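Trainee: Before we look at any particular feature, could you take me through how to read a model of several chains?

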Amino acid sequence: MKLYDQIFNVVKQFRKLFSPGPVTNADVSGSITAEIFLIVSLVLSAILLRHVSVLLAGLVALILAVVLISNIPLIPKFKIEQEDSLEKMLFYAVVTLCIIAVFLYWGGNLV
Amino acid sequence: MNELIPLMVIVPLMAGLLISAFSKFNKATKIFAFVVAICLPIIPLASNYGLHYFGGYEPIMDNVTNVMFHPAITYSFTFLQQIFIGMIGILTFLVVFIYLTKYKEVSGPYLFLLFLGTAAVTAMLLTDDIFHMFVFFEILALAQVGIVAASSIDYSYEMALKYMILGSIGSPIMLLGIGFLLALTGSVNVTDIAYAVHNGLVNITSPVFLLSLGLIFFGWLYASGLPPFHTIKSGIYSKAEPHGAALLQSFTVISMISIVLIMFRIYSVLPIFEVLVVFFSILAMILGVSLALTQTDFRRMIGFLAVGELGFIGLGIGLGTPYAITAGLFQALNEIIITALLFIGFGAIVNATNEVDTRKLGGLLAYHPKVSIMLLIGGLAMAGVPPLSGFQSKLMLVQASLSCGYPEISILAIMVSIATFVVFVKTFYTMFLRPKPNDLEVEGKDVPRAMVFAMGILLIIIVLLGIFPDIVIKGISTFVGGIL
Amino acid sequence: MAYVHITILFTAALLIIIGLYSAIFIDNIIKKIIGISFIEEGVNLFIVALGYAPDGVVPIIMPGMDPAWFAANAAYPLPFGLVLTSIVIGASTLAVMLALVMVLYRRYGTLSTKVMLADTSKQEEYNE
């Protein structure tokens, strides 16, 4: 019953996602699909690490799966981070630039 | 007739300038814009393949080292350029046609922006000079901002300014990368740079070379709207007029493939290049589709889907085998057509109902059957349902990633297709099938004929490419064999 | 003369870093745009510096010059041409940005980015 309750709570929390205005069942089912899709696809892409090391891939996939499933609902959190305000967009753009530059400068030859 | 190659850029550029200058003669402007728009797809089809050296400076052979140098800005025109420029020409024609029939009083500057964008992407596809590409990339960004700001949708200025500010970080960073390449090789011609890199004249393990990859790659992320720029890209699609958005997404796709092909020619010696492209493509697919599932504004939803589909193109390029690159480029061609169809179709619905929220729509199948059936087929094509064109390219991509030894990517691609399908089923149900809400007024408003005509043309191309994909795939694979 | 070159490169790097800093941390939109245009200026400065030749001559070949000596001593002219184009593009981009800011300032009455360019998706999604 515990998981069922958790999922029920998730559906309740989706209401905030569409806050002004009604919530239709199509929107909720879409959001649940997005939730499952997000978890499965992130874990699946973590398995791609097996080309680096099989042990690392297994470990990362397991940890990611546990963290993601215990943190549902993910979509509201994801959506807040990807809203339209310039602050967030600029922040992520500059952070990505720095990560790419640092990663390539010191680790570009490792792959 | 290689004189036609520069004309592909010059005709839309000059036409735009003339239209903008003489826009007070309304009737003449309309006729002139229509004639130029018809010429745009015809010029690439009539032209022969070949090279064009601006200023007539032929390549110079260095007698000591036996290396060819290219002193002129070079345009190379092959089958790939022909098919993409032709497609952009058809799309520009349709968009200009929709615009001309929609308004009695046409705006010269708006038509100028449409033609300017077309000229810029054409030059980006044709050019073999990395700085020339950068210049037209900036011009393209200005044209995109103009198209967004010209729309009458709420908050379009805000979105345009956000795009511009992000762009003024993205493009100088890309220019810095080009500067690094210039410092390493002393040239901006891609063929010369690629020759220097592949023949050991440049130390490919040096941090400068690696950093130049990182900086140009960041500019590419901005150009193509992959994460972290997926929110702004989907935002500008949703804030432009529907026909403008149809053209904007094609600009994005073309600038994405033209930059990534140049990067591929230079950096394919580095294994990390392919890792980076695949990583960001997967991220774009996951984020784009999962955000599209939660949208209630259907223009925004198509915007996110368009970004998610870009991931497939990146995937094809990132896998790096000839078959995968062919699949990626074919997917790019399909996406231009399919997404344009969707934007125009949903724009027709906005036109008829003045409503963009899916929660307030319903029962439109009875009022607009033609549009809804065409939209359904377009959505199925995007999700990859046989026998439409999206199916062919996605099947090729899945096969390519399987044969490269990455079954996870195949599964992921299939899952993204399924999620795209879910988005369409959900939206189609809420907009067309469920009972009409009482407060929705649809009577008396008709869909413009020009939009139905444009959708019909695009639909014919989708079905044709789905049944006979070989007419395009053969030529593209020959091109890919040439650059590898 | 090498320290001239080093100083130019250092200034270019400093300008780019100031630009990235102001992109994230400054709230006033005009100041933010000024800061961001520093990135462009830094990049231009870097590319100009590429053509620098220590004790070089102007890259115009005069009658009577020895071609071999000229090739060894002339500055590299390509970066100057590139930068000229890049400056023109940068100016037009700046003009469009400031024009948009003018329109938005009239609408909002403030120059704060947090107010002017905040997340708008919630307001427009369900307006009665």
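The conversation below goes from the model as a whole to its chains, their contacts and a few local features.

Trainee: What kind of model is this, and what are its ipTM and pTM?

Mentor: Begin with the origin of the coordinates and the scores that come with them. This is a predicted model, and it scores ipTM 0.93 and pTM 0.94. For chain C the average pLDDT is 86, with 93% of the residues scoring at least 70.

Trainee: How do I read the radius of gyration of chain B against that of a compact globule?

Mentor: The idea is to compare the value of a chain with the one expected for a compact globule of its length. Chain B has 484 residues, for which a compact globule would have a radius of gyration near 23 Å, and the chain's own 22 Å agrees with this. Its C-alpha atoms fill a box of roughly 80 × 55 × 40 Å along the principal axes. Of the residues of chain B, 61% count as buried, and among its contacts between residues at least 6 apart in sequence, 79% join residues at least 24 apart. Chain B contains 18 helices and 4 strands.

Trainee: What does the comparison give for chain A?

Mentor: Here the value departs from the rule: chain A has a radius of gyration of 18 Å, whereas a compact globule of 111 residues would be near 13 Å. The box filled by the C-alpha atoms of chain A is roughly 50 × 40 × 20 Å along the principal axes. Buried residues make up 22% of chain A, and residues 24 or more positions apart account for 47% of its contacts with a separation of 6 or more. Chain A has 5 helices and 0 strands, running α-α-α-α-α from the N terminus on.

Trainee: Which elements of chain A give two or more residues to the side that touches chain B?

Mentor: An interface is best read in steps, from its residue counts to the elements that supply them and then to their chemistry. In this contact, 38 residues of chain A meet 39 residues of chain B. The elements of chain A that give two or more residues to the side touching chain B are helix H2 (25-47), helix H4 (75-81) and helix H5 (86-107), and H2(A) provides the largest share, 14 residues. That side of chain A divides into 24 nonpolar, 11 polar and 3 charged residues.

Trainee: And how many residues does the contact take from chain B and from chain C?

Mentor: It takes 26 residues from chain B and 26 residues from chain C. On the side of chain B, helix H5 (130-149) and helix H6 (156-185) are the elements that give two or more residues, with H6(B) giving the most, 15 residues. The residues on this side of chain B divide into 17 nonpolar, 3 polar and 6 charged.

Trainee: What does helix H4 (residues 78-108) of chain C pack against with its buried residues?

Mentor: For a helix, one can check its span and then ask where its buried residues point. H4(C) has 31 residues, which at 1.5 Å a residue should span 45 Å, and its end C-alpha atoms are 45 Å apart, in agreement. Its buried residues include Leu82(C), Gly90(C), Met97(C) and Leu104(C). The buried residues of H4(C) pack against H5 and H6 of chain B, together with helix H2 (29-50) and helix H5 (113-116) of chain C. After H4(C) comes Gly109(C), with a positive phi near 75°.

Trainee: Which residues other than glycine have a positive phi?

Mentor: Backbone angles are best read together with the place and burial of the residue. Among them are Tyr155(B), with a phi of about 65°, and Asn354(B), with a phi near 60°. Tyr155(B) lies in the loop between H5 and H6 of chain B and is partly exposed, because 17 other C-beta atoms lie within 10 Å. Asn354(B) lies in the loop between helix H13 (322-353) and H14 of chain B, and it counts as exposed because it has 11 C-beta neighbours inside 10 Å.

Trainee: Where is His70(B) found, and why does it count as buried?

Mentor: His70(B) is in the loop between strand E3 (67-69) and strand E4 (74-77) of chain B, and it counts as buried because it has 21 C-beta neighbours inside 10 Å. Leaving aside residues up to four places away in sequence, His70(B) touches Pro59(B), Asn189(B), Thr191(B) and Asp192(B).

Conventions. Residues are numbered from 1 along each chain as its sequence is written. Chains are lettered from A and ligands numbered from 1 in the order in which they are written. This is a predicted model: local features need pLDDT of at least 70, side-chain atom pairs count only at pLDDT 80 or more; totals for chains, interfaces and linings use all residues. Two residues are in contact if their C-beta atoms, placed from the backbone, lie within 7 Å. Ala, Val, Leu, Ile, Met, Phe, Trp, Tyr, Cys and Pro count as nonpolar, Asp, Glu, Lys and Arg as charged, and the others, Gly among them, as polar. The radius of gyration is taken over C-alpha atoms; the globule rule is 2.2 Å times the number of residues to the power 0.38. A residue is buried if 20 or more other C-beta atoms lie within 10 Å of its own, exposed if 12 or fewer, and partly exposed in between; C-beta atoms are placed from the backbone. pLDDT is the predictor's confidence in each residue, from 0 to 100. The expected span of a helix is 1.5 Å times one less than its number of residues.
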